[in-house]
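Welcome! Keep the viewer open and try each exercise on your own before you read its worked solution.

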Amino acid sequence: MKEVETAEVISQEAFGGDIYSLWLDAPVTAKTAHAGQFVSVFTNDSSKLLPRPISLCEVDHENGRLRLVYRVTGETAGTKQFSLLTEGETIDILGPLGNGYSEFSKKPILLGGGIGIPPMLELAKEFAGQGLAKEDISVVLGFRDAAFLLDEFEKVATVYLTSDSGNTGIKGNVIDGIHQYDVKGDALYACGPKPMLRAVKAEADAKGIPAWISLEERMACGIGACLGCVTETKDVDDHSKVHNKRICKDGPVFNAEEVVL
């Protein structure tokens with residue numbers, strides 16, 4: 001059973017567009033964390049009982065640190081409180097939670113859309129750690145407008161940019177990016193909103209290659225007990241005995257063939 005860890009804030013940076021980068025000293029959680037997993041972050045406001053799930057952007061195993069890149073969703077949201085944290089303050093987290101990316105190909109295409117972009121950075125780093133060269137790791141990123149995390153991605157991968165506005169890279173989505181940049185690979189790895197993941201699944205089917213997708217969903221407990229974050233699946237779940245799986249416990253990463261989007 002995982003236990004809550006009190007993490008110390010190392011640094012926090014605002015990227016603009018309500019997106020923040022938070023580095024935490026969390027040696028217990030960082031020890032076993034990997035790409036695709038998330039942590040539940042508790043606010044210091046007693047009126048907000050449930051933690052907020054945030055995906056891992058980077059994991060520094062050597063120094064026991066985690067990087068969370070998240071979007072503030074409103075002035076009264078728990079994420080707004082996180083954005084006010086400063087160096088030396090503490091916050092409680094639970095994790096690492098969920099199942100991340102566990103299948104590694106030789107020529108991956110990583111696809112991140114919106115706030116689904118940060119988890120792709122740790123995945124790109126893990127591919128690089130497997131010995132893949134930058135030329136073998138393709139990352140297609142879809143932004144609303146302005147880009148973030150580019151310097152970090154470009155250290156380990158070949159990066160292609162798209163945006164809704166056309167101000168960053170080509171105008172379009174990540175699937176447009178694959179086609180217009182003629183990106184080649186043997187498997188797709190994606191995180192982003194459901195319409196994007198649906199398109200990723202269709203692209204994988206058309207190319208005859210596998211796809212692993214990370215589903216986004218509102219969560220309550222984050223540990224699989226409440227059945228509040230389920231996705232429809234082709235097979236019957238051993239836990240619930242229906243065609244559902246728990247995103248927080250069985251996912252958030254699934255083989256695209258497992259789920260019905």
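Let us begin with a term we will need: buried means under 20% relative accessible area, exposed over 50%, and partly exposed in between, using a 1.4 Å probe and protein chains only. This is a predicted model, in which local features need pLDDT of at least 70 and side-chain atom pairs count only at pLDDT 80 or more, while totals for chains, interfaces and linings use all residues. Residues are numbered from 1 along each chain as its sequence is written, and side-chain values use heavy atoms, with hydrogens and water left out.

**Exercise 1. Take stock of the protein: how many helices and strands are there, and what share of the residues is buried?**

Step 1. Helices (H or I, at least four residues) and strands (E, at least two) are DSSP runs, numbered from the N terminus. The protein has 6 helices and 16 strands.

Step 2. Of the 261 residues, 51% are buried.

Step 3. Contact means heavy atoms within 4.5 Å. Among contacts with a separation of 6 or more, 61% are between residues 24 or more positions apart.

**Exercise 2. Find the antiparallel sheet: what is the order of its strands, and which ones stand at the edges?**

Step 1. Two strands pair if DSSP finds at least two bridges between them. Follow the open sheet of 7 strands in the order β4-β3-β7-β1-β2-β6-β5, with antiparallel pairing.

Step 2. β4 (52-55) and β5 (58-60) each have a single partner strand, so one side of each lacks a neighbour in the sheet.

Step 3. Now look at one edge. β5 is joined to β6 (residues 65-71) by 3 bridges, and V59 has L66 of β6 opposite it.

Step 4. For a residue in this sheet, try D25 in strand β2 (residues 19-25). D25 is partly exposed, with a relative accessible area of 29%. Its C-alpha lies 5.1 Å from that of E8, although the two residues are 17 apart in sequence. Leaving out residues up to four places away in sequence, D25 touches A7, E8, I10, N63, G64 and R65.

**Exercise 3. Trace the mixed sheet: which strands pair with β12, and in which sense?**

Step 1. This open sheet has 7 strands in the order β11-β10-β9-β8-β12-β13-β16, with mixed pairing. Its edge strands, β11 (170-171) and β16, pair on one side only.

Step 2. β12 runs parallel to β8 (residues 108-113), with 5 bridges between them; here L110 has Y189 as its bridge partner.

Step 3. β12 is also parallel to β13 (residues 211-214), joined by 4 bridges, and A190 faces I213 there.

Step 4. Move on from β8 to β9 (residues 138-143): these two are parallel over 5 bridges, with G113 and G142 as partners.

Step 5. In a regular strand the side chains alternate between the two faces of the sheet. In β12, A187, Y189 and C191 point one way, L188 and A190 point the other way, and all are buried.

**Exercise 4. Check helix α3: what length should it span, and how many of its residues are buried?**

Step 1. The expected span of a helix is 1.5 Å times one less than its number of residues. For the 12 residues of α3 this gives 16 Å, which agrees with the 18 Å between its end C-alpha atoms.

Step 2. In α3, 9 of the 12 residues are buried, so the helix is largely enclosed by the rest of the structure. Among them are M120, L123 and F127.

Step 3. Just after α3 comes G131, whose phi is positive, near 100°.

**Exercise 5. Examine K201: is it buried or exposed, and which side chain of opposite charge is nearest?**

Step 1. Locate K201 in helix α6 (residues 194-207).

Step 2. Lys and Arg count as positive and Asp and Glu as negative; His and the chain ends are not counted. A salt bridge is a side-chain nitrogen of Lys or Arg within 4 Å of a carboxyl oxygen of Asp or Glu.

Step 3. K201 is buried but has no salt bridge: E257, the nearest side chain of opposite charge, is 5.5 Å away.

Step 4. Setting aside neighbours within four places in sequence, K201 contacts A256, V259, V260 and L261.

Step 5. Turn to A256, in the segment after β16 (253-255). A256 is buried, with a relative accessible area of 3%, and its contacts beyond four places in sequence are K201, A211 and I213.
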